[in-house]
Each structure stands twice: as structure tokens, then as C-alpha cells.
Amino acid sequence: MTTTQIFDLQAVQKVRKGAVLIALLALVGLTMVSQSAFGLDSPMHEGVEAVGLAAIVFAIVGRAWCSLYIGGRKKAEIVSRGPYSISRNPLYIFSFFGAFGIGAQSGSLTLAVLFTLASLAVFYLTVRREEAWLGATFGAAYAAYKARTPRFLPNFALWRDEAELSIRPSFFLTTIRDGLVFLLAIPLFEAIDLAQAEGWLKVLAHLP
């Protein structure tokens, strides 16, 4: 693998992080001027938040599971076992659940869906660029993997696993740390709810 190829992948990852940050700030801004149509203290509002919390926990656990397989190997080899045998991007799939969970902390299903769609758009564009890099780097081997394995939606009939895994603790712990950031949505959205209830933030729209 050449230095240029490594740089290209790093550039893609930087663009992805920047796009995620921009989308997140825009959606949080929207959340600050909108409110759940169910009412802040309604059972539906609380129910949406609870489902969102479950989605966040699922995302954290799922991302950690994927990290056991990918473990920083993306630049060195094609990982095609475990979750990567049924989807080429399982870590991103769990991130979609995390995005839904973040949006659901607003108590609005509409915002939960908007957060999910934003993550889909960002990661779809990222994946296309990553696929181009992987194809150029691994050639026919990646083309074969790409042909048999779905980009996102898992095909469980393709499941294959390893008898043993070589774990990289630092990568695993980094993935856990990154996943725990999802939980910051809980105090953030609670603060927004409080600010709206006290009249510190003006509500311009009520969303189901």
C-alpha cells in the first residue's frame, strides 16, 4: 500500500467527520426551535425517548462487536467474516441506529427520522469514496467481495465466521469511547426541553 493511498483514505475519513459535524449542528439547531407535538410530559414523548435510548445502546454494542473484526485492518486487508460477511458496512448500519436514537431524544419521531436520513446521506457518500479506494487498493479480491456482499442491508444467509479472532484492544476501546458520545444526546436534549419549557428558546414548529 502506498503513502498516497493511505492519505486518500484518511482524507475520506476527515471529510466524513466534517460532514457528520455539520449535519449534527444543523439538526440540533432545528431541534432548538421545534418541539414534539406530543407534549413534553406526554407518554408518547417519553416512549419515543425510551425507544431512542434502546437504539443508542444497540448502536454502541453493535459498533463494539464490529470493531472486534475490523480492528484497524481496513487499510491492510479485506475483512469478510462475522458481521462483514453479511454486510460490507455493518459498523455504519449500527451508526444509523445511533443517529435515530439521538434524534428520538427530542421526543419527536420526525426528528428521529431526519437524524437517520442525514446519517444515511453522509455515510452513503462516504462509502462510495471508500469503495473506490478499496477497489483501487485490493483489486479483484475486493471486487469479488463487493459482488457477493450487500453494501448495507444484511443478508444473513451469507454468514461466515472465524474460529478465533486477533483483537486490538486500543481500537476496541476507541470504538466504545466514540459510541458513548451518543449518550451525550440525553442531557443535551433534556437541556433543550427545559429551555423551551422556561421560554428561553422560542418554539417555531411542533413535529410529530
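A cavity, on a 1 Å grid over the protein atoms alone, is a set of points where a 1.4 Å probe fits but cannot get out, and its lining residues have an atom within 4 Å of a point. This is a predicted model, where local features need pLDDT of at least 70, side-chain atom pairs count only at pLDDT 80 or more, and totals for chains, interfaces and linings use all residues. Residues are numbered from 1 along each chain as its sequence is written, and side-chain values use heavy atoms, with hydrogens and water left out.

Let's start inside. The structure holds 1 cavity of 30 Å³ or more, and the largest cavity has a volume of about 60 Å³ (the space filled by probe spheres set on the grid points, which are joined across faces, edges and corners). Around the largest cavity sit Thr31, Ser34, Gln35, Ser36, Leu40, Ser106, Ser108, Leu111, Phe189, Ile192, Asp193 and Gln196. Strand E1 (34-36) and H7 are the elements that give two or more residues to that lining; helices (H or I, at least four residues) and strands (E, at least two) are DSSP runs, numbered from the N terminus. H7 gives the most, with 4 residues.

So what does H7 itself look like? Helix H7 covers residues 185-197, and at 1.5 Å a residue its 13 residues should span 18 Å (1.5 Å times one less than the number of residues); its end C-alpha atoms are 18 Å apart, which agrees. Buried here (under 20% relative accessible area, with exposed over 50% and partly exposed in between, for a 1.4 Å probe and protein chains only) are Ala185, Phe189, Ile192, Asp193, Ala195 and Gln196. Seen down the axis of H7, the buried residues fall within an arc of 165° (taken from the directions from the helix axis to the C-beta atoms), so they line one face of the helix. An α-helix has 3.6 residues a turn, so residues three or four places apart point the same way. Turned away from the buried side of H7 is the face with the exposed residues Pro187 and Ala197. After H7 comes glycine 199, with a positive phi near 85°.

Helix H3 (residues 90-104) makes a good next stop. H3 has 15 residues and reaches 21 Å from its first C-alpha to its last, close to the 21 Å expected. Because 13 of the 15 residues of H3 are buried, H3 is largely enclosed by the rest of the structure.

Methods. On a 1 Å grid over the protein atoms alone, a cavity is a set of points where a 1.4 Å probe fits but cannot get out, and a pocket is an open set with protein on both sides within 12 Å along at least five of seven lines; lining residues have an atom within 4 Å of a point.
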